[in-house]
Amino acid sequence: MTSAAPEMKPLVRVRGLVKHFPLRRRQVVRAVDGVDFDLAAGETLGLVGESGSGKTTVGRCVLRLAEPTAGSVLLDGEDLLACAPRRLRELRRRMQIIFQDPAASLNPRMTVGAIVGEPLAIHRIVPRGEERRKRVAALLERVGLDRGCLRRYPHEFSGGQRQRIGIARALALDPDFIVADEAVSALDVSVRAQVINLLSDLQEERGLSYLFIAHDLRVVEHLSHRIAVMYLGRIVETAPARELIADPRHPYTIALKAAVPVADPERRLPPRPLEGEMPSPVDPPPGCPFHLRCPLAEAVCRREAPLLREIAPGRLVSCHLV
């Protein structure tokens with residue numbers, strides 16, 4: 001688990017982020033329903049939750065790959081949602097994404113050299129020719145691939161190697177901020193550990209900030225300084241990684257931790273069954289969004305939605321019972 005990041009001015013500040021997808025008959029999918037968080041330079045914020053909780057939509061909205069319905073996203077104090085197209089293009093050099101499926105995110109008709117070098121061409125960073133080839137070769141070597149990969153195609157590589165190519169492409173513009181969207185979920189366990197170690201080393205070398213999206217607490221705890229837990233479009237708990245793993249406070253976070261297999265039976269949490277399915281974001285329940293599945297729910301949980309409030313320095317929980 002990564003040690004705590006130093007306190008500093010946020011590199012990324014998200015406030016009131018909302019993303020609703022309209023449907024017919026005036027219905028909307030409330031994919032993200034009011035999300036706030038800060039991310040400091042050199043820090044990793046792990047964003048964890050079940051499939052359908054809104055994690056990926058948050059990442060895409062922060063990068064403006066999807067247009068938010070409401071809210072603000074500040075990069076070094078500049079609102080990305082208010083930027084003109086030309087200025088947004090300039091700022092895109094500072095923020096990149098690593099996708100979940102490396103096979104789908106790499107153009108099968110392009111060589112690896114062309115894929116990694118494409119951002120350099122689009123942003124006119126390095127002229128064509130030998131200089132760009134050397135830059136791409138150095139990036140590939142840094143992520144653990146040799147220069148002989150330049151003329152090969154994505155289908156000639158394993159899943160872990162393809163993800164390393166995706167990481168090299170994300171690094172090409174020397175960004176400050178990277179969204180890693182389930183970047184290791186499609187990899188084998190041993191390869192997953194290698195890629196997480198690579199991301200950690202790159203962060204230390206380059207001062208990168210990560211929004212590290214995953215559905216598994218076991219994955220995020222190894223790389224994150226802080227962890228935010230999402231449920232049905234909202235953040236329900238945020239805490240320093242060590243504190244959240246050692247002492248989860250929201251019933252949903254407790255259930256996520258209890259579901260993680262542990263080799264030592266003495267270390268397992270008392271079972272807290274998480275029954276049922278997540279409600280539909282088209283018709284979310286009144287009150288606390290988790291109350292239909294919460295083993296501790298009381299009458300107030302069915303009536304009122306709890307606020308995300310600070311219960312200790314750096315620790316926020318959205319629960320009436322905490």
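The following paragraphs lead through the helices, the nonpolar cores, two loops and the cysteines of this structure. The model is predicted.

A convenient place to begin is helix α4, which spans residues 112-122. Its buried residues are Val112, Gly113, Ile115, Val116, Gly117, Pro119 and Leu120. What covers them? Helices α5 and α6 are included in the cover over the buried residues of α4. The two partners can be taken in turn.

Helix α5 covers residues 130-142, and its axis lies 9 Å from that of α4, at an angle of about 115 degrees. An angle from 65 to 115 degrees counts as roughly perpendicular, and α4 and α5 are therefore roughly perpendicular to each other. Their crossing is right-handed. On the side of α4, the contact is made by Val112, Gly113, Val116, Gly117, Leu120 and Ala121. Helix α5 contributes Arg132, Arg135, Val136, Leu139 and Leu140.

With α6 the arrangement is as follows. The axes of α4 and α6 come within 7 Å and cross at roughly 30 degrees. Angles under 35 degrees count as roughly parallel, and α4 and α6 are therefore roughly parallel to each other. Here too a handedness can be assigned: α4 passes α6 in a right-handed crossing. The residues of α4 in this contact are Val112, Ile115, Val116 and Pro119, and they meet Ile165, Ala168 and Arg169 of α6. Val112 and Val116 are named both in the contact with α5 and in the contact with α6. The spacing of such positions has a general background. An α-helix has 3.6 residues a turn, so residues three or four places apart point the same way. Beyond the end of the helix, α4 is followed by Arg124, which has a positive phi near 55 degrees.

Helix α6, residues 159-171, also packs with helix α7, residues 189-206. The axes of these two helices come within 10 Å and cross at roughly 15 degrees, and α6 and α7 are therefore roughly parallel to each other. Their crossing is right-handed. Gly160, Arg164, Ile167 and Leu171 are the residues of α6 in this contact. Facing them in α7 are Val191, Gln194, Val195, Leu198, Leu199, Leu202 and Arg206.

Some of these residues reappear in the nonpolar interior. The largest nonpolar core has 60 residues, and those touching the most other members are Leu140, Ile167, Phe212, Leu217 and Ile227. Of these, Leu140 was met in the contact of α5 with α4, and Ile167 in the contact of α6 with α7. Apart from this core lies another, of 30 residues, including Leu39, Leu45, Leu80 and Cys83. Ile227 shows how residues far along the chain can come together: leaving aside neighbours within four places in sequence, its contacts include Leu45, Gly46, Val48, Leu217, Glu237 and Leu244.

Attention now turns to helix α1, residues 55-62, which is mostly covered, with 6 of its 8 residues buried. The buried residues are Lys55, Thr57, Val58, Gly59, Cys61 and Val62. Just after α1 comes Arg64, in the loop between α1 and β4. Arg64 has a positive phi of about 60 degrees although it is not a glycine. Is Arg64 buried or exposed? Since buried means under 20% relative accessible area, Arg64 counts as buried because its relative accessibility is 16%.

Strand β4, residues 70-75, contains Ser72. Ser72 also counts as buried, at 19% relative accessibility. Beyond its neighbours within four places in sequence, Ser72 is in contact with Arg13, Val14, Arg15, Asp79 and Leu81. After this strand, the loop between β4 and β5 holds Asp76. The phi of Asp76 is near 55 degrees, a positive value in a residue other than glycine. With a relative accessibility of 39%, Asp76 counts as partly exposed.

The cysteines provide a last topic. How many disulfides are there? The count comes to 0. The reason can be followed in two cases. A disulfide needs a pair of cysteine sulfur atoms within 2.5 Å. The sulfur of Cys301 is 5.9 Å from the closest cysteine sulfur, in Cys288, and this is too far for a bond. The sulfur of Cys319 has its closest cysteine sulfur in Cys301, at 6.2 Å, which is also too far. Both residues are nevertheless covered: Cys301 is buried, with a relative accessible area of 6%, and Cys319 is buried, with a value of 8%.

Technical notes
Residues numbered from 1 in each chain as written. Predicted model: local features only at pLDDT ≥ 70, side-chain atom pairs only at ≥ 80, totals over all residues. Heavy atoms only, no water. Buried < 20%, exposed > 50% of the residue type's maximum accessible area, 1.4 Å probe, protein only. Core = buried A, V, L, I, M, F, W, Y, C linked by side-chain atoms within 4.5 Å. Contact = heavy atoms within 4.5 Å. Axes fitted to C-alpha atoms, helices over the stretch in contact; angles between N-to-C directions. Helix = DSSP H or I, 4+ residues; strand = E, 2+ residues; numbered from the N terminus. Parallel < 35°, antiparallel > 145°, perpendicular 65-115°, else oblique. Left-handed = near helix turned anticlockwise from the far one by under 90°.
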